[in-house]
Amino acid sequence: MDTRAERKLVAEKDYDDEAIVFSEEPLVACQETSHPKKCGYLACSQCLRSLEKTDEMASRLSGQPVQIPYPELCPNKDHEITTSLREFWLNGLSNEVDVYFYIHRFRNVHHPPETTSAMLILRLLCQLINILPGYSQKQKDPATLEAFELLCHHTQVDSGQGEVWKHKLLESPHQDHIFAMQPLFIDIVNYISSDHDTIEANKWLTNNYENLWALVGLNSLGIASSVISLYDARLTSHEMTPAKRQENKPDFALLLFSDSGEFLDAEGTGLYLRQSACNHSCEPNAECKFLHGDSRVTLKATSDITLGNEIFISYLSEDELCQSRNDRWQLLRRGYLFECQCPKCERQASNPDEHDRSDEFDDSYDDSHNDDGES
C-alpha cells in the first residue's frame, strides 16, 4: 500500500544530471539542539550559518586540537563572526515571554529525538501568532497558514492489512514526553493572548496537538550547513595529487566521523514548502544539498530528468538505502507512514531481506558505528 501524500514535484523542463532544479529558503528552521550555548554550537539562529572556523569546530567536536590540511579551503577563513545574529529570532518573542525559562522546562521533560521538533514547533507557533518583525500583532503570516494547509500531518495510517502505522514520535516513550510539553506550549500562547490572535495556535495545541508533531515529523529536513561539511566538500574537489589526497583526506575524515558521527553535517532542521512536495524513492533522481553554508536548500538532479517526469528524493540515508527492502520499509513506516513501491523495491520483492551493499560503501565506517543505537 502506498500512502504518500497527494503532493508531488514534477519537472517543468528537462534537467541534466547535476543540474540545479531550485533553491529555497525555509519556512521555519532551528538549530539541532534546544540549548546551543550549553552544547557549544556556534551558528546564527536565524540562517543557521556556522559561526566557527573549520579547525575550531573540528577541535570542539573531537575534544582535541585539530590542524586541518589546506586551511585556505575553510569557508569562514575570511569571515568576521557576528555573534549578535544568534539571538535574532528570539527578539520579538523575548519582549513577550521569558523564552529561556520555557526552553529549560522543555529540556527537563523530553529526550533528544524531540529536541529539535519542540523548538521547530515553538518557532512555527511564533510565526502563526506573528511574534515576528514586519507584521502587525493581529495579522497572520500567510506563508505559515499555507503550510498548515499543505503539509501532510496525519498521525497514523491503516495499512489495510489489520495493522495501524503510527509515527515514531507518537509512540512510547516519545509520546509521554510530547504530552508533558503540551501545557508548556499552551502557557506561552496564553501568556501573549491579550495582544495577539492566538485562536489558530490554540486549536493546534489542543484538538490537533498530535497532528502538530506529525506535521514536523513528516516534513522536516535536516540542514547540513556545518562549516565542516562545506570544508569537506571543498577538500574532496580540490586539485591535488592522488598521493596528497590519500595523505590528507582519510585521517582527517576518520577523526571527525568517529567523534561526531551523524552530527558532522547537521546544524539544524527546517520546513520547506516546495521541497516537502518531493516524494521518496529508493532510486531517487534528485538530492537536497546545502551549497550556501546556511539554511537555503538546493535541489540537484542526480540523473537526467525529462519534462513531465516526477522528481524523487530519498528520505533515507545512503547507508539506509543499502539495507534490505524490509529494513527500509520499517524505517519508512515509522518515520513517514508508507511503504515504498519504487522500481528497486519491486525488484527486491522476491528477496526482501537481501541487503544491497555497493562497492563504494565503506564497511569499516559501518562497523565503527554499529553500536550507536537508533537515530
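Let me start with strands β1 and β9: in this predicted model, β1 and β9, the latter covering residues 297-301, pair in the antiparallel sense over four bridges. To give you one position to look at, E24 has V297 in β9 as its bridge partner.

That pairing belongs to an open sheet of three strands, in the order β1-β9-β8, with antiparallel pairing. At the edges you find β1, residues 20-24, and β8, residues 286-289, and each of them pairs on one side only. On average, neighbouring strands here are turned by 20 degrees against each other, ignoring direction.

Next, the sheet that contains β2. This is an open sheet of three strands too, ordered β2-β6-β5, and the pairing is antiparallel. Its edge strands are β2, at 28-31, and β5, at 221-223; each has a single partner strand, so one side of each has no neighbour in the sheet. The twist from one strand to the next averages 30 degrees.

Within that sheet, β2 and β6 run antiparallel and are joined by four bridges, with β6 spanning residues 268-271. If you want a residue pair to find on the screen, take Q31, whose bridge partner in β6 is G268.

Last item, helix α9, residues 209-219. How many of its eleven residues are buried? Ten of them are, so the helix is largely enclosed by the rest of the structure. Buried here means under 20% relative accessible area. The buried set starts with Y209, then N211, L212, W213 and A214, and continues with L215, V216, G217, L218 and N219.

Technical notes: Residues are numbered from 1 along each chain as its sequence is written. This is a predicted model: local features need pLDDT of at least 70, side-chain atom pairs count only at pLDDT 80 or more; totals for chains, interfaces and linings use all residues. Side-chain values use heavy atoms; hydrogens and water are left out. Buried means under 20% relative accessible area, exposed over 50%, partly exposed in between (1.4 Å probe, protein chains only). Helices (H or I, at least four residues) and strands (E, at least two) are DSSP runs, numbered from the N terminus. Two strands pair if DSSP finds at least two bridges between them. Axes are lines fitted to C-alpha atoms, for helices over the stretch in contact, and angles run from 0 to 180 degrees between N-to-C directions.
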